[in-house]
Every structure is written in C-alpha cells, then in structure tokens.
Amino acid sequence: MNKGDLEGIKTRLVEGRTALLSMLDEKDKAKQAEYHAKIKKVTAEINTMIPGMVVKEKGTACEGKLNELKEAWVIFRDGRDNNVIPALLAGRVDEAKAIGTGIQKERFARVNSIVDGLLAQT
C-alpha cells in the first residue's frame, strides 16, 4: 500500500461525492446522466484500486484499517447505488436527498476518515 494509491482513492471519492451532490440538485435529465456517468467511472476505478491494495506485514493495524476500508466502501457504494440514485432517477428527489445527505454523508465521512488514517500511517 502506498501513499499515491491512497491519495488517488481519496481524490476519486471526492469526485464521486461531488458528482452525486450535483446530481441531486440537477433537474436537467441530460446533466443528471453526465453526473451519473462520472459516478460510475470513479466507482469502477475505486473498485479496482481498493482490492488491489496490500499491506507489507500481515496482522498489523494497517491491515485492519485496510479491511475496514474495504467494508466501509462497499456499504457506502451500495447505499448510493441501490438507494440514492434509483430514488432520484425515479423522481423521488426528496427521498434521494434525505438518504444522500443523511446516512450516506455519514458513510462517506467514515470512508474518508479511514483513508486519512491510512495516509497518516504511510
């Protein structure tokens, strides 16, 4: 696991979150589709990056944090992709915003915090 990989994940997390928040406020369907495409792109990149990360020494705090990151990412990603975006695309904007700025905000903060902690250890 190296610092550059973690910084890349952090950048993509922010890009995806920013795109989601923009998508939630966008009324134009074409623009929503652009934001959705951006979210899918950075998600695919993160889905490749996180599992590819390995720690040098097994059984370390770093390994535990990496496992925590993997779990937190899946919970965040699936919550967004299975709840927020479908609600928005179905026209349930208030529901999508409530989830996206509620529990999903907390999940995002957790993933971001874990990445920050790993960055501090590298």
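Colleague: At which residue does H3 bend?

Modeller: This is a predicted model. In it, H3 turns by about 35 degrees. The residue at the bend is Arg80.

Colleague: How far does H3 reach from its first C-alpha to its last?

Modeller: H3 has 29 residues. At 1.5 Å a residue, 42 Å is expected. The reach in the model is close to that, at 40 Å.

Colleague: Which residue with positive phi follows H3?

Modeller: Look just past the helix. The phi there is near 90 degrees. The residue that follows H3 is Gly91.

Colleague: Are H3 and H4 roughly parallel or roughly antiparallel?

Modeller: Helix H4 covers residues 93–101, and its axis comes within 7 Å of the H3 axis. The two axes cross at roughly 155 degrees. Angles over 145 degrees count as roughly antiparallel. H3 and H4 are therefore roughly antiparallel.

Colleague: Is the crossing of H3 and H4 left-handed or right-handed?

Modeller: The axes cross at roughly 155 degrees. As H3 passes H4, the crossing is left-handed.

Colleague: How many aromatic pairs does the structure hold?

Modeller: Trp73 and Phe76 make one pair, with ring centres 6.0 Å apart. Phe76 and Phe108 make another, at 5.9 Å centre to centre. The count for the structure is 2.

Colleague: Is the pair of Trp73 and Phe76 stacked or tilted?

Modeller: Both residues lie in helix H3, 3 residues apart, about one turn of the helix. Residues three or four places apart in an α-helix point the same way, because a turn takes 3.6 residues. Stacked needs planes under 30 degrees apart. The planes of Trp73 and Phe76 stand at 40 degrees, so the pair is tilted.

Colleague: How many residues apart in sequence are the parts that Phe76 and Phe108 tie together?

Modeller: The Phe76 and Phe108 pair is tilted, with 55 degrees between the planes. Phe76 sits in H3 and Phe108 in helix H5, residues 103–121, so the pair ties together parts whose separation in sequence is 32 residues.

Colleague: Which residues form one aromatic cluster?

Modeller: Trp73 and Phe76 are both buried. Phe108 is buried as well as Phe76. The cluster is Trp73, Phe76 and Phe108.

Colleague: Is Glu71 buried or exposed?

Modeller: Glu71 is in helix H3. Its C-alpha is 9.1 Å from that of Val111, 40 residues apart along the chain. The cut-off for exposed is over 50% relative accessible area. Glu71 has 53% relative accessibility, so Glu71 counts as exposed.

Conventions
Residues are numbered from 1 along each chain as its sequence is written. This is a predicted model: local features need pLDDT of at least 70, side-chain atom pairs count only at pLDDT 80 or more; totals for chains, interfaces and linings use all residues. Side-chain values use heavy atoms; hydrogens and water are left out. Rings of Phe, Tyr and Trp (its six-membered ring) pair if their centres lie within 6.5 Å; planes under 30 degrees apart count as stacked, over 60 as edge-to-face and the rest as tilted. Helices (H or I, at least four residues) and strands (E, at least two) are DSSP runs, numbered from the N terminus. Buried means under 20% relative accessible area, exposed over 50%, partly exposed in between (1.4 Å probe, protein chains only). The expected span of a helix is 1.5 Å times one less than its number of residues. The bend at a residue is the angle between axes fitted to the seven residues ending there and the seven starting there. Axes are lines fitted to C-alpha atoms, for helices over the stretch in contact, and angles run from 0 to 180 degrees between N-to-C directions. Angles under 35 degrees count as roughly parallel, over 145 as roughly antiparallel, 65 to 115 as roughly perpendicular and the rest as oblique. A crossing is left-handed if the near helix is turned anticlockwise from the far one by less than a right angle, and right-handed if clockwise.
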